[in-house]
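Welcome! Here is a short guided look at one protein model, taken region by region. Have the structure open as you read along.

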Amino acid sequence: MSRAPETDVGRRRHSRRARGSGDCGPRQRPFHQPSFHAAPTSAVSEDELEAIHLASLAILRDIGIDVLHPEARTLLTGAGATVDSEPPRVRFDPDLVTEIIANAPSEFTLHARNPAHHLRIGGNAVAFGAVASAPNVTGLGEGRRVGTARDFRALVRLSQCLEAVHFHGGYPVEPIDIHPSVRHLHATFDLLTLSDKAIHSYSLGRQRTLDTIEMTRIARRLSGDELDQQPSVFTVVNTSSPLRLDGPMIEGMIELSARNQPVVVTPFTLAGAMAPVTIAGALAQQNAEALAGIALTQVIRRGAPVVYGGFTSNVDMRSGAPAFGTPEYVKAALVGGQLARRYGLPYRSSNVNAANSLDAQAAYESLFSLWGAVMGGANMIFHAAGWMKGGLCASFEKMVLDAELLQMIAVALEPLVVDDDSLALDAIAEVGPGGHFFGADHTRARYRTAFHSPMVSDWRNYEAWDSAGRPTGDRRLHSRQRSCLRPPRRQCVRHRRLEPRIQDDRRRQADGRDAGSRPQAGRAEAFHARSICDRPHLRGQELEFPLGVTHQGVTR
């Protein structure tokens with residue numbers, strides 16, 4: 001089970017975990033980051049891959065990409081790119097692109113509050129993220145509804161409980177009942193206190209990004225210099241396809257890359273809508289947009305961690321609706337992995353589907369998406385648990401179903417052990433022709449851990465299943481997510497001063513110093529961001545609340 005959130009440097013009197021194994025939800029495999037032991041699948045030949053690469057460079061040289069931020073255009077001009085004033089278009093020489101992106105690291109460590117949940121991003125490692133950015137939610141015995149803070153916190157707790165989920169890819173559902181101007185503060189507070197897994201910051205402008213960086217620094221109890229050496233909060237930047245990077249996203253890129261925090265550059269290229277109808281053409285555009293964003297991160301700070309993201313799918317040409325989990329999506333995911341490996345970059349893909357209910361379509365489209373992502377060698381798989389309805393809805397039950405799939409994938413990725421013991425020649429000789437292995441010494445020594453034990457699947461025969469009341473899969477999913485959200489033991493975790501130090505900030509303003517400057521080492525308890533200085537209900541509080549229970553002092 002996922003253990004209770006705690007800071008990296010916990011106080012001795014609170015060193016015992018508030019939520020140990022066995023206190024949360026159904027039986028699961030321990031938290032573990034899988035890795036690939038077989039070569040990824042290639043969907044195109046080396047020559048075909050090179051043709052896509054060269055087409056992307058031609059797009060950046062001849063057409064260019066609109067960069068809607070003056071500071072970014074200035075940085076790119078200084079690096080050697082050609083910039084037009086109207087429209088604000090940037091063009092890159094092909095050699096310049098390859099030279100700049102060569103500075104990006106091939107892998108890095110993404111740090112979480114709990115060191116046991118640090119993640120290796122890149123190489124042969126893979127990490128699974130929870131659903132993110134859905135405006136609606138379904139589950140908990142209720143139908144589809146607009147997301148609220150209550151739903152948001154419940155989904156964060158469920159993600160924390162599910163060991164197959166490794167990181168938070170954003171808000172699992174938008175808490176619409178919290179005002180947008182302060183939503184990021186409340187949501188980040190919940191992510192940092194209800195979970196100890198790695199978190200994400202939305203690139204919605206400079207100040208919101210700075211707030212999230214600072215809250216993460218405080219939660220991990222690091223100095224500014226230490227945070228700059230330990231990637232701890234990442235962002236996803238979706239290009240505004242076709243061929244545009246917008247201002248708020250760029251501001252997030254600037255602030256995070258400058259602090260050595262990861263940026264996942266992910267063009268959202270839907271073939272037939274925001275990209276050419278042919279998958280090869282859509283991939284050429286995806287690659288051009290991704291290379292432009294990656295180049296910007298390296299101009300901001302050479303060696304800043306960055307991930308090559310692919311999200312190319314197609315639309316239903318009869319209705320224009322996005323389609324996911326399609327054969328075209330799988331092909332694009334495979335080629336995206338090939339492109340990322342060509343540039344020596346970590347690769348991001350997603351587990352997606354277009355189903356409107358938790359049915360067979362949701363299962364097979366998700367499995368098809370996961371197949372493309374895993375066989376494509378994705379290092380980060382976003383929306384791996386809980387995505388429904390083309391990303392418009394998060395589902396509690398779907399999160400559990402996906403966690404079951406992710407556990408199965410993790411086991412399938414483990415290398416097969418072939419040695420004298422596993423070949424079991426002695427056991428075969430012991431049983432001989434016509435016998436059975438249930439009572440063999442070899443079986444009895446291993447039967448408890450020999451095979452994967454499912455969290456949701458029901459392997460009973462018909463008679464046993466019938467006598468148990470014929471529980472269906474949806475009933476089991478509902479039961480599992482309920483058990484994950486069962487209130488934990490009332491043992492409190494203290495969060496000291498993850499709120500604004502109002503008077504101190506006002507004194508700084510009176511002294512004429514920068515009110516927005518960040519706390520230095522030794523002041524990790526003081527979170528003072530200008531955007532929340534007028535929240536009197538948080539003034540000077542020291543929050544103490546049971547894990548998983550709605551905390552006081554935060555607007556519902």
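How many aromatic pairs does the count come to? The count comes to 14 aromatic pairs in this model, which is a predicted one. One of them joins Y171 and Y202 in an edge-to-face arrangement, with 4.6 Å from centre to centre and 75° between the planes. Y171 belongs to the loop between β9 and α5 (180–194), while Y202 belongs to the loop between β10 (199–200) and α6 (206–220), so this pair ties together parts that are 31 residues apart in sequence.

Are these two tyrosines buried or exposed? Y171 counts as buried because its relative accessibility is 6%, under the 20% cut-off. Y202, at 18%, also counts as buried.

Another pair to look for is F368 with W371. Their ring centres are 5.3 Å apart and their planes meet at 45°, so this pair is tilted. Both residues sit in helix α11 (residues 360–375), three residues apart, which is about one turn of the helix. F368 is partly exposed, with a relative accessible area of 29%, and W371 is partly exposed too, at 48%.

Two further aromatic features are worth finding. F268, F311, F324, Y329 and W387 make up one aromatic cluster. Elsewhere, the charged end of R348 sits over the ring of F382, at 4.2 Å from the ring's centre.

**Strands and sheets**

Now turn to strand β6 (residues 127–130), which is covered on both faces: A127 and G129 on one side, and F128 and A130 on the other, are all buried. In a regular strand, side chains alternate between the two faces of the sheet. Which strands pair with β6? Strand β19 (residues 380–385) pairs with β6 in the parallel sense over three bridges, and there A130 has A385 as its bridge partner. Strand β9 (residues 167–168) also pairs with β6 in the parallel sense, over two bridges; here the partner of G129 is F167.

A separate stop is an open sheet of three strands, in the order β14-β16-β17, with mixed pairing. Its edge strands are β14 (270–271) and β17 (322–323), each of which pairs on one side only. β14 runs parallel to β16 (residues 313–315), and two bridges join them; A271 has N314 as its bridge partner in β16.

**Pockets**

The two pockets below can be set side by side.

| Pocket | Volume | Lining residues nearest the centre | Lining by class |
|---|---|---|---|
| Largest | about 1,100 Å³ | R446, T449, A450, F451, H452 | 14 nonpolar, eight polar, five charged |
| Second largest | about 580 Å³ | A132, S133, Y202, N238, H383 | 14 nonpolar, nine polar, four charged |

The largest pocket is lined by 27 residues. The elements that give two or more residues to this lining are α12 (396–413), α14 (425–431) and α15 (441–444).

The second largest pocket is lined by 27 residues as well. Which elements give two or more residues to its lining? They are α5 and β19, and α5 gives the most, with three residues. Some names return here: Y202, from the edge-to-face pair with Y171, is among the residues closest to the centre of this second pocket, and β19, which contributes to its lining, is a parallel partner of β6.

How values were computed
Residues are numbered from 1 along each chain as its sequence is written. This is a predicted model: local features need pLDDT of at least 70, side-chain atom pairs count only at pLDDT 80 or more; totals for chains, interfaces and linings use all residues. Side-chain values use heavy atoms; hydrogens and water are left out. Two strands pair if DSSP finds at least two bridges between them. Helices (H or I, at least four residues) and strands (E, at least two) are DSSP runs, numbered from the N terminus. Buried means under 20% relative accessible area, exposed over 50%, partly exposed in between (1.4 Å probe, protein chains only). Rings of Phe, Tyr and Trp (its six-membered ring) pair if their centres lie within 6.5 Å; planes under 30 degrees apart count as stacked, over 60 as edge-to-face and the rest as tilted. A charge sits over a ring if NZ of Lys or CZ of Arg is within 6 Å of the ring centre and within 35 degrees of the ring normal. On a 1 Å grid over the protein atoms alone, a cavity is a set of points where a 1.4 Å probe fits but cannot get out, and a pocket is an open set with protein on both sides within 12 Å along at least five of seven lines; lining residues have an atom within 4 Å of a point. Grid points are joined across faces, edges and corners, and a volume is the space filled by probe spheres set on the points. Ala, Val, Leu, Ile, Met, Phe, Trp, Tyr, Cys and Pro count as nonpolar, Asp, Glu, Lys and Arg as charged, and the others, Gly among them, as polar.
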